[in-house]
Amino acid sequence: MKNVVVLGSTGSIGTSTLKVAEDLPDRIRLLALAAGNNSDLLIEQTRKHQPVAVSINDEAKANELRGTLGANCEVYSGSEGLLKLATLPAADIVLIAIVGTAGLQPALAAIRAGKDIAVASKEILVMAGEIVMNEARKYGVRVLAVDSEHSAIFQCLDGKPSASVRKLWLTASGGPFRDKTTWPKEKFSEITVERALKHPSWVMGRKITIDSATLFNKGLEMIEARWLFDIEMARVGVVVHPQSIVHSMVEFVDGSLIAQLSTPDMCLPIQYALTYPDRAASERVQTDFPKIANLTFEEPDVERFPALALARRAGEVGGTLPAVLNAANEVAVEAFVNRKINFPQITETVRHTMDTHQVVSHPTLEQILEADAWARAAASL
Ligand code: MG
């Protein structure tokens with residue numbers, strides 16, 4: 001039985017995690033749940049799963065929860081609450097699925113308290129991959145990937161060192177604007193928010209859906225892979241695979257390729273992270289080969305999607321540059337969603353912010369957070 005803390009229980013990954021817990025009541029106990037603002041759903045989740053503690057962003061909402069949930073469940077709030085939950089003595093693993101940078105401090109706190117972490121928030125490894133992985137080594141804990149691509153690579157690697165790898169291949173759906181004939185570069189400025197929010201194969205949160213349309217999502221995943229699997233950027237490749245059945249692949253030094261496949265369903269990588277090193281039986285994910293019929297692969301179009309090149313540069317330069325890319329992108333996506341900038345300007349904003357940043361190599365956490373704040377201000381201009 002694993003005692004699991006879920007930070008971000010009411011979001012897309014969080015609700016899938018609760019489904020996995022329902023599938024595997026003998027293996028997973030939800031020890032604590034943290035939500036952003038959705039107290040109604042948090043109450044529902046708490047009544048069903050009986051965690052010993054919950055946390056919500058807003059202190060006023062936390063007070064209401066105290067009245068509603070009674071004495072059997074501790075209620076915390078704000079960033080303090082996240083730290084409290086991440087370090088609960090009984091916790092075995094902390095799954096972090098909070099949008100934005102708020103997951104970084106709880107991730108480090110969990111590691112230092114000797115907990116394994118399951119990472120769904122890309123920001124954690126993109127911003128502070130070097131620090132997080134060093135701390136995990138120091139405290140002897142695992143950093144498990146919840147992202148489908150990284151879970152796939154982890155499963156394909158199966159403990160092999162990076163020296164046995166020729167290349168890691170992240171697959172990308174290509175997003176809603178993959179088709180060059182329907183969406184030539186000239187038409188990118190006409191892309192509406194509504195259109196960008198329609199993803200062909202995955203139903204996800206708003207930020208990640210826009211990131212999938214610009215391919216920044218894949219860019220962030222390249223940087224994540226670089227740290228998770230301790231491999232240089234030059235050996236992290238991207239291939240477009242519109243069916244999203246092959247979740248990623250490892251090409252070994254002998255030329256052999258191992259891929260992990262399934263119908264796209266986030267419950268699978270979540271379950272693998274929470275039950276690792278075991279594989280638990282579950283009927284949830286079924287793959288119907290005749291229905292799939294075709295698996296196709298194509299080169300990503302860096303001309304129309306410059307996000308990939310920007311991410312590669314950020315990952316190669318390292319230091320504070322990935323944090324700057326991440327922060328500038330967050331600001332730009334928000335501006336796009338609020339109709340203040342057009343679709344190509346998301347990438348232009350990130351490029352400009354990266355170009356004007358003074359990179360700090362091997363930064364401390366403080367320097368990373370400073371770079372993050374600087375980039376947010378610079379990208380807002
Ligand atoms: Mg992914």
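**Note on the predicted model: sheets, second largest pocket, Gly318**

1. The open sheet is built from 7 strands in the order 4-3-2-1-5-6-7, and their pairing is parallel. Strand 4 (74-77) and strand 7 (143-145) are the edge strands; each has a single partner strand, so one side of each has no neighbour in the sheet. On average, neighbouring strands of this sheet are turned by 25° against each other, with direction ignored. The coordinates discussed here and below come from a predicted model.

2. Within that order, strand 1 stands beside strand 5. Strand 1 (residues 2-7) and strand 5 (residues 93-96) run parallel and are joined by 4 bridges. For a residue to check in the viewer, take Val6, whose bridge partner in strand 5 is Leu95.

3. Strand 8 has pairings of both senses. With strand 10 (residues 246-252), strand 8 (residues 165-172) runs antiparallel, and 5 bridges join the two. With strand 9 (residues 236-240), strand 8 pairs in the parallel sense, over 5 bridges. One residue pair can be given for each: Trp169 has Met249 as its bridge partner in strand 10, while Ala172 stands opposite Val240 in strand 9.

4. The second largest pocket holds about 560 Å³ of space. Its lining consists of 25 residues, and those nearest the pocket centre are Met133, Val143, Phe154, Leu228 and Phe229. By class, the lining of this pocket has 16 nonpolar, 4 polar and 5 charged residues.

5. Which elements supply at least two residues each to the lining of the second largest pocket? They are helix 6 (122-139), strand 7, helix 7 (148-157) and helix 10 (216-228). Helix 7 gives the most, with 4 residues. Strand 7 is also one of the two edge strands described in point 1.

6. Both domains take part in the lining of the second largest pocket: domain 1 (2-145) and domain 2 (150-317) each contribute at least three residues.

7. Gly318 sits in the loop between helix 13 (307-317) and helix 14 (321-337). Is this glycine buried or exposed? Gly318 has a relative accessible area of 10% and is therefore buried, the cut-off being under 20%. Gly318 and Gly129 are 189 residues apart in sequence, yet their C-alpha atoms are 9.8 Å apart in space. Gly129 falls within the range of helix 6 (122-139), one of the elements that supply at least two residues to the pocket lining.

Definitions and conventions:
Residues numbered from 1 in each chain as written. Predicted model: local features only at pLDDT ≥ 70, side-chain atom pairs only at ≥ 80, totals over all residues. Heavy atoms only, no water. Pairing = 2+ DSSP bridges. Axes fitted to C-alpha atoms, helices over the stretch in contact; angles between N-to-C directions. 1 Å grid on protein atoms, 1.4 Å probe; cavity = no way out; pocket = protein on both sides within 12 Å on 5 of 7 lines; lining within 4 Å. Points joined across faces, edges and corners; volume = space filled by probe spheres on them. Nonpolar A, V, L, I, M, F, W, Y, C, P; charged D, E, K, R; others polar. Domains from an automatic or database assignment. Buried < 20%, exposed > 50% of the residue type's maximum accessible area, 1.4 Å probe, protein only.
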